[in-house]
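The following questions and answers examine a sheet, a helix packed on it and a pocket. Please consult the sequence and the model while reading.

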Amino acid sequence: MNQASRCLLIFSRDYQREAHLKGLWKARKLFEYSLRNAFKQADYLDDCDTILVSEDCPDFLEPSFRFITQQGGNFDSRLRNAFESAKKLGYQKIVLIPGDVPGIKSRQMELAFSQLENNSLVLGPSQDGGIYLIGCNSPQFELPTAIPWKSKSVFSALLQVYPQAAILASLHDVNSWKHVLILAKQHNLSRMLLNILRGIFGQIHNCFTRLHSPRIIKVFLRSVSPRSPPHIALQP
């Protein structure tokens, strides 16, 4: 079988480790959903190889799935090494996404590749100032130095270096409980994602019920969410 010219890199930790390191252990099913969805959407792409770039392979993938181990002492070096590994494999167009964007669809992935027909770089901004996608179309492309990765200024910093980059519509990633609440307020959520969010908020509600009075619970919910997420009702 001939190798595709396009490569989608899914750059992610194991979903359980992701939830633990972000302090969102009760939301681990959300991270599992996000990672599974990334692979599901990638399956819809034609002439594109999907490669997981991770510290370990999640339990739901076949052992034969293409896998690159993350290498480097920090996020910057691990990201650079992921792109370099894909370039050494001979791919001409490389798009990288994380595993913590529940709403990503194959159309964003396909649009990113199509933008690389006429642009050297494509970016997908997340709504907190970071990015959920970065892609390049040149074997000579190298990530710029001094980018404040994993911060709220990643997107603006990349635009300063590449003002002509193609820009996709923004999406939400999940790095905090605030992001989980923002996600819950979105419309057109899939039934599976809606059920996962209901379960998460139900666990939180039960935990607070055991530890605090109803008045404190109401004060907390008002402080983190000015209006209740649609379709997610917390039982008193």
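**Strand 2 and its surroundings**

Q: How many of the residues of strand 2 are buried?
A: The model is a predicted one. Strand 2 spans residues 48-54 and is mostly covered. A residue is buried when its relative accessible area is under 20%. By that criterion, the number of buried residues in strand 2 is 7 of 7.

Q: Which residues of strand 2 point the other way from C48, T50, L52 and S54?
A: In a regular strand, side chains alternate between the two faces of the sheet. C48, T50, L52 and S54 point one way from strand 2, and the residues on either side are all buried. Those that point the other way are D49, I51 and V53.

Q: Which residue of strand 2 stands opposite L9?
A: Strands of a sheet pair through backbone hydrogen bonds, either parallel or antiparallel. Strand 1 (residues 6-11) runs parallel to strand 2, and 6 bridges join them. The residue of strand 2 opposite L9 is I51.

Q: What is the bridge partner of L52 in strand 3?
A: Strand 3 covers residues 67-69 and pairs with strand 2 in the parallel sense, over 3 bridges. Within strand 3, the bridge partner of L52 is F67.

Q: Which strands stand at the edges of the sheet?
A: The sheet is open, has 7 strands with mixed pairing, and follows the order 3-2-1-4-6-5-7. A strand at the edge has a single partner strand, so one side of it is left without a neighbour in the sheet. The two such strands are strand 3 and strand 7 (166-167).

Q: What angle does the direction of helix 2 make with that of strand 1?
A: Helix 2 (residues 28-42) packs on the sheet, where it touches strand 1, strand 2 and strand 4 (93-98). The angle between the direction of helix 2 and that of strand 1 is about 175°.

Q: Which residue is the bridge partner of L121 in strand 6?
A: Strand 5 (residues 121-125) and strand 6 (residues 131-136) run antiparallel and are joined by 5 bridges. In strand 6, the partner of L121 is C136.

Q: Which element gives the most residues to the lining of the largest pocket?
A: The largest pocket holds about 770 Å³ of space. Helix 3 (75-88), strand 4, strand 6 and helix 6 (177-184) each give two or more residues to its lining. The greatest contribution, 4 residues, comes from strand 6.

Q: How many residues of the lining of the largest pocket are charged?
A: The lining comprises 35 residues, and D100, I131, K150, D173 and N175 lie nearest the centre of the pocket. Of the lining residues, 14 are nonpolar and 10 polar, while the charged ones number 11.

Methods: Residues numbered from 1 in each chain as written. Predicted model: local features only at pLDDT ≥ 70, side-chain atom pairs only at ≥ 80, totals over all residues. Heavy atoms only, no water. Buried < 20%, exposed > 50% of the residue type's maximum accessible area, 1.4 Å probe, protein only. Pairing = 2+ DSSP bridges. Contact = heavy atoms within 4.5 Å. Axes fitted to C-alpha atoms, helices over the stretch in contact; angles between N-to-C directions. 1 Å grid on protein atoms, 1.4 Å probe; cavity = no way out; pocket = protein on both sides within 12 Å on 5 of 7 lines; lining within 4 Å. Points joined across faces, edges and corners; volume = space filled by probe spheres on them. Nonpolar A, V, L, I, M, F, W, Y, C, P; charged D, E, K, R; others polar.
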